[in-house]
2 protein chains.
Amino acid sequence: MHLTSEQRLDDGVVEREFTLGEIPGTLWTPGPDTSAAPVPLILMAHNNGLPKAQSRLVARARHTAAAGYAVASIDAAGCGDRPRSDADERARADFRRAVQAGEADEGVFEAFVGPLVEQAAPDWRTTLDALLALPGIGGPVGYSGWTALGIRLAVAEPRIAAAGFFAGGYVPRAQREEARRLSIPLLFLLQWDDEGNPRQRALDLFDAFGSREKTLHANLGGHTGTPWFELEDGFRFYDRHLT
Amino acid sequence: MHLTSEQRLDDGVVEREFTLGEIPGTLWTPGPDTSAAPVPLILMAHNNGLPKAQSRLVARARHTAAAGYAVASIDAAGCGDRPRSDADERARADFRRAVQAGEADEGVFEAFVGPLVEQAAPDWRTTLDALLALPGIGGPVGYSGWTALGIRLAVAEPRIAAAGFFAGGYVPRAQREEARRLSIPLLFLLQWDDEGNPRQRALDLFDAFGSREKTLHANLGGHTGTPWFELEDGFRFYDRHLT
């Protein structure tokens with residue numbers, strides 16, 4: 001793991017850019033003022049592989065670090081700003097066109113997001129290994145964000161102890177199946193009027209999760225309208241399970 | 001208002017029994033150690049008019065008072081341990097029989113709960129007037145518990161500024177209509193596998209509330225299985241809107 005930049009933010013949070021082979025990542029930590037005990041790690045991913053540098057994810061990561069967690073995000077293979085093959089680019093362009101035309105049905109999502117999750121998961125696991133080897137960062141590990149990737153990682157990774165998922169109207173068939181195998185505590189966040197995430201599909205997914213402790217939080221409004229207090233409710237969830 | 005008993009609990013909370021005409025009530029307050037500023041009041045009612053002395057309600061009220069609120073509950077007309085007419089007793093016996101036989105359909109609930117809400121609401125408003133006249137208790141006022149009564153009160157009472165509702169699978173027709181007229185912030189708590197509260201009816205009710213700020217919390221399990229952390233999430237909701 002190579003650190004490529006480091007900056008201290010106003011609230012003491014340290015934001016470091018790193019590379020791990022071809023994987024670019026960002027690590028946010030509460031800064032050196034905290035106690036010597038390792039801080040728990042939260043992996044934070046944007047739905048459908050949006051860039052880790054996207055402002056809403058960065059704001060969420062910084063606040064979460066300020067609350068006492070190490071937070072990491074990467075642009076995994078096929079995601080964010082990573083170079084893509086011509087075939088990947090075509091799939092992405094087809095997907096965007098369908099979304100903009102309001103024609104993104106289940107088949108369109110399956111064709112684009114299914115392979116994206118399969119490609120991305122190994123990079124996240126590689127990153128997890130590297131992060132847990134750093135001094136000051138410990139387990140248990142939490143996950144936050146992209147529902148489909150989180151299901152994949154939580155099924156594959158016994159080190160992930162709690163997960164917060166967002167949206168989940170469209171989740172690939174493979175992860176809808178894997179959802180039944182989950183057993184960790186879950187906080188599932190849903191926007192009631194999310195134009196891109198059919199409500200009934202999200203409720204069906206919540207119903208399918210195998211976990212004995214699972215909580216649904218739904219709020220009025222569209223995809224980007226999640227109220228600020230849900231971030232703090234999320235901290236309380238992670239505090240219960242990671243600290 | 002006549003105080004009939006007073007006891008100080010281990011955590012400093014003071015529990016007072018009172019009568020207001022024919023209305024028996026209980027008032028829990030954080031005790032005299034708090035600052036001189038009036039504490040906000042939360043009216044707490046059990047679903048379908050169960051007694052205010054029921055242990056789950058008492059536990060919830062004591063914890064809420066310990067968190068800094070004045071909490072009041074009453075046995076309103078037709079509810080709890082209040083004397084009932086022969087007709088009331090028959091309606092209650094019919095309702096219980098239907099519930100125990102698993103035959104409590106919408107008609108059974110409508111016939112029992114509809115009149116109960118109409119009878120109970122005036123007693124709660126009388127109580128609210130009396131409580132707000134007490135020194136040390138102020139507004140804005142919150143509501144917690146019985147969904148149907150809470151809808152009725154919130155529509156009628158501009159002093160109620162935020163409400164937490166529980167369950168809501170069966171709500172009388174009149175309150176399903178009134179739900180659209182609500183505009184205060186709502187926290188709607190749902191048990192995903194509540195045998196007595198059909199999930200889809202509760203979700204439809206959440207959808208119907210007119211409030212712009214409304215949040216649904218759903219947890220796995222049956223009617224009495226609400227996890228303890230929801231009580232604290234409720235405090236955070238009231239803290240945002242009443243303090």
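Which elements of chain A are among those that cover the buried residues of α4(A)? The first view takes up this question. The model shown throughout is predicted.

**View 1. Helix α4 of chain A and its cover.** Helix α4(A) spans residues 147-156. Nine of its ten residues are buried, so the helix is largely enclosed by the rest of the structure. The buried stretch takes in A:Thr147, A:Ala148, A:Leu149, A:Gly150 and A:Ile151, along with A:Arg152, A:Leu153, A:Ala154 and A:Val155. The cover over these residues includes three strands of chain A, β4 (39-45), β6 (137-146) and β7 (160-166). It also includes two helices of chain A, α3 (106-132) and α5 (173-178).

**View 2. The largest nonpolar core, centred on Leu43 for this close-up.** This core holds 130 residues. A:Leu43 and B:Leu43 have the most contacts inside it. Helix α3 of chain B (residues 106-132) contributes the largest share, ten residues. Around B:Leu43, the contacts beyond four places in sequence are B:Ala72, B:Trp124, B:Leu128, B:Val141 and B:Tyr143. In soluble globular proteins, nonpolar side chains tend to be buried together.

**View 3. The relation between chain A and chain B.** Chain B superposes on chain A after a rotation of 180°, with 0.0 Å of shift along the axis. The RMSD is 0.0 Å. This is the relation of a two-fold axis. In chain B, B:His217 has the C-alpha nearest the axis, 2.4 Å from it.

**View 4. The side of chain B that touches chain A.** Twelve residues of chain B are in contact with twelve residues of chain A. Strand β9 (214-219) and helix α7 (229-242) of chain B each supply at least two residues of this side. Strand β9(B) gives the most, six residues. By class, the side of chain B that touches chain A has five charged, four nonpolar and three polar residues. Of the interface residues of chain B, 100% are also interface residues in chain A, so the copies meet through the same surface.

**View 5. Strand pairing between the chains.** Strand β9 of chain A (residues 214-219) pairs with β9(B). The sense is antiparallel, over five bridges. A:Thr215 stands opposite B:Asn219. A:Leu216 has B:Ala218 as its bridge partner. Strand β9(A) is mostly covered, with five of its six residues buried.

**View 6. Strand β9(A) within its own chain.** Strand β8 of chain A (residues 186-191) runs parallel to β9(A), and six bridges join the two. In this pair, A:Leu186 stands opposite A:Lys214. The chain crosses from β8(A) to β9(A) through helix α6 (residues 199-208) of chain A. This β-α-β crossover is right-handed.

**View 7. Backbone details at A:Pro140 and Ala167.** The peptide bond from A:Gly139 to A:Pro140 is cis, with omega near -10°. A:Pro140 sits in strand β6 of chain A. A:Ala167 is not a glycine, but its phi is positive, near 65°. The residue lies in the loop between β7 and α5 of chain A. It counts as buried because it has 24 C-beta neighbours inside 10 Å. In chain B, B:Ala167 has a positive phi of about 65°. B:Ala167 lies in the loop between β7 (160-166) and α5 (173-178) of chain B. With 24 C-beta neighbours inside 10 Å, B:Ala167 counts as buried.

Note on methods
Residues are numbered from 1 along each chain as its sequence is written. Chains are lettered from A and ligands numbered from 1 in the order in which they are written. This is a predicted model: local features need pLDDT of at least 70, side-chain atom pairs count only at pLDDT 80 or more; totals for chains, interfaces and linings use all residues. A nonpolar core is a set of buried Ala, Val, Leu, Ile, Met, Phe, Trp, Tyr and Cys residues joined through C-beta atoms within 7 Å. A residue is buried if 20 or more other C-beta atoms lie within 10 Å of its own, exposed if 12 or fewer, and partly exposed in between; C-beta atoms are placed from the backbone. Helices (H or I, at least four residues) and strands (E, at least two) are DSSP runs, numbered from the N terminus. Two residues are in contact if their C-beta atoms, placed from the backbone, lie within 7 Å. Copies are superposed by least squares on the C-alpha atoms of residues with pLDDT of at least 70 in both. Ala, Val, Leu, Ile, Met, Phe, Trp, Tyr, Cys and Pro count as nonpolar, Asp, Glu, Lys and Arg as charged, and the others, Gly among them, as polar. Two strands pair if DSSP finds at least two bridges between them. A crossover is right-handed if, with the strands pointing away from the viewer, the path from the first strand over the helix to the second runs clockwise.
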